[in-house]
Amino acid sequence: MRNFIACLLLLGLLAGLSACGADDSYLSVRTHVEPSIPATETPQQEEPPTAGNRSELRGAMLSFVRNWTEQGEIRISGYSGDLTADLTETVRYITQEDPIGAYAVDYADAELRGDAQTGTVEVSIVFRRSAAEIDAIVTVSGVNGAHAKIRQALANFDAALTLRIRSYEDADFSGYIRTYCLEHPDSAMALPEVSAAVYPETGETRILELHFTYSQPRDTLRSMQAAVNTILDSAAAYVESGTTPRRCAELLARFLLTRFTYTTAEETPDMPAYDLLSSGRAHSLSFASVFYAECTRAGLACRLVSGTRGGETHWWNLLQLEETWYAVDLMRSVEQGGDSLDLLDPAALRDEGYDWDAEAYPSNPVPEPEEPTEP
C-alpha cells in the first residue's frame with residue numbers, strides 16, 4: 001500500500017514538472033558564441049625615398065634633417081651622375097651650407113650599398129639640437145621681420161629664440177635688443193644678457209640663435225613689469241596735463257626728481273625702470289630710460305644718449321623744445337639737489353667733463369622714423 005502511494009506521488013510530481021516546462025517564457029536557450037578578437041593592424045612601414053640624381057639625393061637627405069631622422073635609407077634607381085662624388089658633396093652641403101643643417105647637425109655620414117643603379121644609401125646623422133629645437137625655428141623675412149619677433153620674445157621674457165631669416169643682412173642684433181629694452185621699459189623692462197650665433201656664416205638665408213638670461217624668474221619679472229606700467233601710466237596722465245611741450249617736460253622732470261629721496265646705484269642696473277620707480281635706486285641709465293619713454297608717450301622729440309662723464313660711462317637725454325635741442329641729465333640734477341628741469345647747452349656739457357660721439361648724437365639730430373606698428 002505504501003509503495004502504491006509513493007508511486008502516485010512520484011507520478012504527480014513528474015506531471016507538474018512537465019507542465020512547468022511547457023511554458024516557453026521560463027526557458028531561454030542561447031547558442032554560445034566566442035567573442036571576436038579584432039585583428040591586429042600591422043603598421044605600414046614608410047617607404048624610403050628614391051633618388052635618381054643629385055637633386056633628389058639632396059632633397060632626401062634634407063628631409064632626414066628636417067624630420068630629425070638619425071638613421072635613414074635612400075633607394076637608388078638608375079642614378080645619373082657620379083653618385084660617389086654627389087654623396088660627398090651632399091653631406092658637406094647639409095652640414096655646412098644648409099641653414100637648418102648647419103644649426104642642428106653635428107656629424108653626417110652616407111654609405112653606398114650596392115651599385116648606382118639599384119643600390120641603397122645608408123645615412124647616419126648625429127644631431128646637436130633636439131627635434132623640439134628644430135620645430136621651434138620661426139621663419140621671417142629680413143632684419144625687420146627678425147626685429148618684430150625679437151620684440152615679442154623680450155615682452156614675454158622668453159629664454160631663447162631661433163629664427164630662420166630669409167634675405168639675411170648683417171646686423172647688430174645684441175645692440176638692437178639693448179636699445180629696444182632701454183627705450184621701451186613698459187614692454188621690455190629688463191636688460192637680459194644676450195648670446196647670439198648665426199648659421200652658416202654666409203648665405204642669403206641663415207639661422208639666428210638667441211639666448212636671453214634674466215636675473216629674475218619670468219613670473220617675478222611680469223609682476224615687476226605690471227608695477228612699472230601702473231606708475232608709467234599714472235605719470236603719463238600727470239605729464240600730459242601740461243599745456244605746452246615745455247610744461248609737459250617740466251612736469252615729468254618734477255615727477256621723477258621729487259618721487260624719492262634717492263640712493264645712488266653704483267652698478268649699471270639690469271631693470272632700470274623698476275629700480276628707479278619702485279625702489280628709488282638712482283642711476284643715470286634709469287633716469288635717461290624713463291625720461292625718454294615718458295617723453296615719447298607725451299609726443300615730445302627725445303633721444304637717449306650714451307657717453308662718459310669724468311671718464312665714467314654715463315647716460316642722459318637730448319630733448320627738442322621749440323625747434324631747439326637741449327641736453328637733460330636728471331642724474332646730475334639729483335646730485336646737485338635740484339627738483340626742476342635743467343635745459344643744458346650741449347656745448348656747456350663739455351666743460352663739465354661730458355664726452356660723447358658727436359656724429360651719433362649731433363646737437364640738432366634729425367628725428368628717426370618710427371617703425372611701423374605691428375598688427
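**Legends to close-up views of a predicted model**

**View 1. Overview of the protein chain.** The protein chain holds 13 helices and 14 strands (DSSP runs numbered from the N terminus, H or I of at least four residues for helices and E of at least two for strands). This is a predicted model, in which local features need pLDDT of at least 70, side-chain atom pairs count only at pLDDT 80 or more, and totals for chains, interfaces and linings use all residues. Residues are numbered from 1 along each chain as its sequence is written, and side-chain values use heavy atoms, with hydrogens and water left out. Of the 375 residues, 40% count as buried (under 20% relative accessible area, with exposed over 50% and partly exposed in between; 1.4 Å probe, protein chains only).

**View 2. Confidence along the chain.** The mean pLDDT (the predictor's confidence in each residue, from 0 to 100) is 87, and 85% of the residues reach 70 or more. Over residues 1–37 the pLDDT is below 50, and this stretch has 0 contacts in the model beyond near neighbours in sequence (contact: heavy atoms within 4.5 Å).

**View 3. The second largest pocket.** The space in this pocket amounts to about 300 Å³. A pocket is an open set of points on a 1 Å grid over the protein atoms alone, where a 1.4 Å probe fits, with protein on both sides within 12 Å along at least five of seven lines; lining residues have an atom within 4 Å of a point. Of the 14 lining residues, Ala265, Glu266, His283, Thr313 and His314 are the closest to the centre of the pocket. Two or more lining residues each come from β12 (312–321) and α12 (330–335), and β12 gives the largest share, 4 residues.

**View 4. Helix α10 and its cover.** Helix α10 spans residues 272–279, and 6 of its 8 residues are buried. The buried residues are Pro272, Ala273, Tyr274, Asp275, Leu276 and Leu277. Their cover includes α7 (173–183), α8 (218–239), α9 (245–257), β10 (281–282) and α11 (284–297). Gly280, just after α10, adopts a positive phi of about 70 degrees.

**View 5. Surroundings of Ser124.** Ser124 belongs to strand β4 (residues 120–127). Because its relative accessibility is 24%, Ser124 counts as partly exposed. Leaving aside neighbours within four places in sequence, Ser124 is in contact with Glu70, Gln71, Tyr107, Ala108 and Asp109. Phe64 is 60 residues from Ser124 in sequence, with a C-alpha to C-alpha distance of 9.4 Å.

Technical notes: Points joined across faces, edges and corners; volume = space filled by probe spheres on them.
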